[in-house]
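Hi,

Here is the structure I promised to pass on. Have a look at it first, and then read on for what turned up.

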Amino acid sequence: MNVDQLFADFPDNSRVWLYQTDRALNDSEIETVNSELNAFVKEWAAHGNKLWANAAVINPYFVVIAVNDKLTPPSGCSIDASVRKLKDLGKKLNADFFTRMKVTIQTEKDTAQIPFTELANRSDLEEISIFDPLVSTLGELRSNWPLKIQESSFKQFVNS
C-alpha cells in the first residue's frame, strides 16, 4: 500500500508505530487486519479525545499506525490499547506482530524475511535494503524506508 496515499492528510512529523509480523500475511489476512484496524482507529481516543490516526498493512510484513500527535497526543493507555489490538489480531491470525528475531529485507527481486542472525552472512549486502522497524515519524517512513543497509542503524551488525 502506498504510504503517501494512505496518510496524505498527515504531516511528516506524525508519530508512527511499526509492527513487523513473523511471516508474510496473505491477501485475506491483510484485508482482515486493514478492516479491524480501520474500525479501531475510528474509535481510538486518548482521555476521551479522538486521535487523528490511520493504520494499515503497508507490505505483507508490516502494519503501521500513524497519529498526528500535534492535534491530540496519544496517552499511555491509548498506546496500550493499540498494542492489545495487535496482540488480539496476532492471536486471531496465528501471527506474531512483535517479532524481533527476524528482519525484513528487499532485494532487486523481492521482499523477504530472514532470521536476524543471518543478516551479516549475506553475500549481497550492498544490494539489499532493510525495513527498519524503529522508524518513529511518518516523514522517515516516507523518505527512508526501506533503506540500504549501509545507511541504516543495522550497519553496525554487518560491518566487521
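Let me start with a tryptophan: W52 comes out as partly exposed, at 33% relative accessibility. Keep in mind throughout that this is a predicted model. W52 makes a stacked aromatic pair with F10, with 4.9 Å between the ring centres and 25° between the planes. F10, unlike its partner, counts as buried at 7% relative accessibility. The two come from separate places: F10 is in the loop between helix 1 and strand 1, while W52 is in the loop between strand 3 (49-50) and strand 4, so the pair ties together parts 42 residues apart in sequence. Add F7 and you have one aromatic cluster of F7, F10 and W52.

There are nine aromatic pairs in the whole structure. Another one to look at is F131 with W145: the centres are 4.7 Å apart and the planes are at 75°, so this pair is edge-to-face. F131 belongs to the loop between strand 8 (129-130) and helix 4, and W145 to the loop between helix 4 and strand 9 (147-148), which puts them 14 residues apart. Both rings are buried, F131 with a relative accessible area of 6% and W145 at 12%. One more ring has a charge for company: the charged end of K87 sits over F98, 5.8 Å from the ring centre.

Now the sheet. Three strands make an open sheet in the order 1-5-4, with antiparallel pairing. Strand 1 (15-20) and strand 4 (53-59) are the edge strands with a single partner each, so each has one side without a neighbour in the sheet. From one strand to the next the twist averages 20°. Between strand 4 and strand 5 (residues 62-67) there are six bridges, again in the antiparallel sense, and if you want a spot to check the register, A56 has V64 in strand 5 as its bridge partner.

Two helices go with these strands. Helix 2 (residues 27-43) packs on the sheet and touches strand 4 and strand 5, with its direction at about 170° to that of strand 4. Helix 3 (residues 76-93) lies across strand 1 and strand 5 and runs at about 25° to strand 1.

And what about salt bridges, how many are there? The count is six. Here are some of them:

- K85 and E36 have their closest N and O atoms 3.0 Å apart. K85 is in helix 3 and E36 in helix 2, so this salt bridge ties together parts that are 49 residues apart in sequence. Both residues are buried.
- D124 and R122 meet at 2.8 Å, N to O. D124 is buried, with a relative accessible area of 18%, whereas R122 is partly exposed at 26%.
- R142 and D12 have their closest N and O atoms 2.4 Å apart. This pair links distant parts of the chain, 130 residues apart: R142 is in helix 4 (residues 138-143) and D12 in the loop between helix 1 (3-6) and strand 1. Both are partly exposed, R142 with a relative accessible area of 25% and D12 with 44%.

R142 and D12 are also part of something wider, as salt bridges with shared partners join D4, D12 and R142 into one network.

Over to you!

Conventions: Residues numbered from 1 in each chain as written. Predicted model: local features only at pLDDT ≥ 70, side-chain atom pairs only at ≥ 80, totals over all residues. Heavy atoms only, no water. Pairing = 2+ DSSP bridges. Helix = DSSP H or I, 4+ residues; strand = E, 2+ residues; numbered from the N terminus. Axes fitted to C-alpha atoms, helices over the stretch in contact; angles between N-to-C directions. Contact = heavy atoms within 4.5 Å. Salt bridge = Lys/Arg side-chain N within 4 Å of Asp/Glu carboxyl O. Buried < 20%, exposed > 50% of the residue type's maximum accessible area, 1.4 Å probe, protein only. Phe/Tyr/Trp six-rings, centres within 6.5 Å; stacked < 30°, edge-to-face > 60°. Lys NZ or Arg CZ within 6 Å of the ring centre and 35° of its normal.
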